[in-house]
Amino acid sequence: MTTSPDIIAAGFDTLGLAQPLLKALADVGYETPSPIQAACIPVLLAGHDLLGEAQTGTGKTAAFALPLLQKIDLKRAVPQALILTPTRELAIQVAEALQKYAHHMPGFHVLPIYGGQSMVVQLRALSRGTHVIVGTPGRVMDHLERKSLVLNNLQTLVLDEADEMLRMGFIDDVKWILEHTPAERQTALFSATMPDVIRRVAREHLREPKEIKIRSATSTVVTTSQSYCQTHTGQKLEALTRILEVEDDFDAAIIFVRTKTATVELADKLEARGYSVAALNGDLTQGLREQVIERLKAGTIDIVVATDVAARGLDVARISHVINYDVPYDTEAYVHRIGRTGRAGRTGRAILFLAPREMYMLKLIERATKQKITALTMPTPGEVANRRVAQFTQQIVDIIKTEKLDFFFDVVRRMEGEQDIAAREIAAALAWLATRERPLQMPGANDHAPRDVAATPPAVSPAPTFVRDTERKPARASTKPPESHPDAEPRRERPVREGRSDTPVKQRSFAEGATMQRYRIEIGRNQGVLPKEIVGAIANEAGIAGKDIGQINLFEDYSSVELPANLSDDLMDILRRIRVRQFALKTRVMEAGEFVDTRPPRRAPPARDGKKPDWKKPDGAKPEWKTKRS
Ligand code: AMP
């Protein structure tokens with residue numbers, strides 16, 4: 001079976017998924033199933049075995065996760081599904097995804113088990129009972145042999161990235177596990193490629209599997225000029241805004257993201273940076289959708305942030321740029337997207353953002369569009385400054401050409417005479433004044449100083465520094481003063497900065513052995529954060545000593561950090577506002593059960609005085625997220 005290359009328009013509700021899952025999908029903002037999801041979900045729900053050819057990024061995790069979740073009996077905390085992944089990272093990622101999709105399934109538990117994690121921790125977690133196991137083959141085999149993992153009740157077995165497991169030498173372990181699980185299980189095998197060995201495994205261990213493969217177009221000829229920019233998720237927004245500044249012939253852009261939520265979030269962030277922008281997603285009524293398109297045509301907005309489905313059929317001649325902010329599921333979706341530019345005989349420009357693990361898409365798209373996609377590096381602050389200086393210079397040249405300036409010549413002459421200052425100094429001061437709202441320099445621009453500007457030391461008081469976010473106004477900025485934007489942050493009396501502050505922060509002391517609590521912060525792996533940055537920011541900004549900061553766990557878009565329990569309102573307020581990598585932490589106490597059991601192994605405290613480490617909770621209660629440090 002091969003799916004249609006068109007983006008599937010029908011929603012998740014047509015696939016036979018239960019309400020709690022549909023609700024979770026709405027929460028995460030998925031608008032429509034990706035092609036692999038639309039093809040796989042009904043097949044798996046019907047109980048068939050499946051052989052799916054799909055890469056990372058196609059949405060394959062939800063394709064197998066949703067049907068298996070639908071079959072889970074929550075009342076029985078025994079492993080009912082097993083997902084084998086080649087790596088620890090993928091196991092954690094898949095477990096996180098399952099937890100997200102099971103958000104409205106109370107009591108649901110998923111456990112990742114992988115090599116390198118302490119056996120003691122895993123044995124304890126397994127003995128507590130779980131509905132789904134996500135694991136690497138070697139470690140799963142270990143537990144099966146020890147009988148610490150019993151799969152008598154297994155209904156579903158998923159082999160994820162089977163070709164990777166083969167490449168990493170796990171294939172014999174995989175076969176062993178297949179032989180030691182109930183024969184009547186349902187099996188789904190996903191692989192990016194289908195080498196013979198994998199086909200053989202499928203033949204021997206899958207029962208009349210339905211084959212699903214997303215067909216790739218290979219014949220589309222595209223005239224749009226295409227570039228890509230490799231960037232980590234956490235840097236994408238910065239890269240986007242810099243690229244928008246330095247792109248030639250920019251008129252209007254459509255920026256593609258994957259979810260409804262992301263359309264709104266990104267539109268808000270761009271608006272806060274001064275762009276005139278609107279979100280376009282499936283939640284808009286037809287009337288509102290048309291309004292957005294009319295505003296784009298009329299030039300009252302320059303950027304639309306859209307999902308694939310919402311942008312379908314959009315035909316606005318002034319769209320000069322298509323930005324693939326989130327990578328499309330497949331080459332067809334890409335071709336659909338870039339078809340929104342280069343219309344009415346104009347030339348179009350397409351820019352694709354790719355995380356390192358998404359780079360494989362490049363070759364596929366080049367093949368599908370029969371065109372080379374050139375690399376684009378994130379413009380440096382110096383390049384952005386050069387562009388701003390060039391635009392500013394052009395404005396000055398235009399004014400000299402077109403405006404009557406006699407009165408102003410007199411003003412300058414008088415200043416020169418009365419204040420004894422040179423015209424050059426006056427001009428520099430005026431340039432400072434004119435660009436105060438949108439400074440010509442960015443932080444770090446001195447390292448890559450714009451041509452000509454670097455050569456001349458500032459004649460006036462220090463050049464204004466670039467003010468981030470709400471106060472910057474690009475050339476095509478909206479007319480609204482940035483401060484009026486609802487998201488514009490009011491000036492704080494006590495500025496909270498990233499990293500070290502200028503004024504020493506009061507150090508707080510907590511009692512030895514204070515009860516610890518797990519807090520959630522809104523920055524995670526996708527934003528590229530490192531635990532030491534979190535510790536540094538909390539220590540410097542909130543005055544909490546490193547010894548009072550406990551375990552930190554990074555998840556996709558958030559992290560958890562252990563801090564003393566029952567912090568004062570004042571301190572919580574500071575913790576909420578601390579920024580790391582430009583993201584406000586928005587710190588809050590984690591609810592019981594909110595923490596997924598995906599953290600890396602906790603190291604046992606060293607045995608002291610010959611005593612065994614004490615892993616007991618202070619109150620003997622279950623929640624692991626509240627611990628007492630010894
Ligand atoms: P995967 O191929 O499973 O690794 O998924 C790639 C990314 O696509 C993940 O960040 C998912 O959250 C996201 N995703 C998966 N399905 C959808 C969907 N139907 N709509 C929007 N985003 C999705």
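These are my notebook entries on strand 12 and the largest nonpolar core.

**Entry 1: the model.** I am working from a predicted model.

**Entry 2: strand 12.** I looked up strand 12, residues 303-306, and checked each face. Ile303 and Val305 lie on one side, and both are buried. Val304 and Ala306 lie on the other side, and they are buried too. I noted that both faces of the strand are covered.

**Entry 3: its partners.** Next I asked which strands pair with strand 12. Strand 10, residues 252-256, runs parallel to strand 12 and is joined to it by four bridges. Here Ala253 stands opposite Ile303. Strand 11, residues 277-280, also pairs with strand 12 in the parallel sense, over four bridges. On that side I found Ala278 opposite Val304.

I then traced the chain from strand 11 to strand 12. The path passes through helix 12, residues 286-298. This β-α-β crossover is right-handed.

**Entry 4: the core.** I turned to the largest nonpolar core, which has 44 residues. Which members touch the most others? I listed Phe64, Leu66, Ile83, Leu98, Phe108, Val132 and Val134. Elements giving two or more residues to this core include helix 1 (19-28), helix 3 (60-70), strand 3 (81-84) and strand 5 (132-135). Helix 4 (88-101) is also one of them. Helix 4 gives the most, with eight residues.

**Entry 5: Ile83.** I picked Ile83 from that list and looked up its contacts, leaving out residues up to four places away in sequence. Ile83 touches Phe64, Leu68, Val94 and Leu98. Ile83 also touches Val132, Ile133, Val134 and Gly135. I added Val158 and Asp160 to finish the list for Ile83.

Methods
Residues numbered from 1 in each chain as written. Predicted model: local features only at pLDDT ≥ 70, side-chain atom pairs only at ≥ 80, totals over all residues. Heavy atoms only, no water. Buried < 20%, exposed > 50% of the residue type's maximum accessible area, 1.4 Å probe, protein only. Pairing = 2+ DSSP bridges. Right-handed = clockwise from strand over helix to strand, strands pointing away. Core = buried A, V, L, I, M, F, W, Y, C linked by side-chain atoms within 4.5 Å. Contact = heavy atoms within 4.5 Å.
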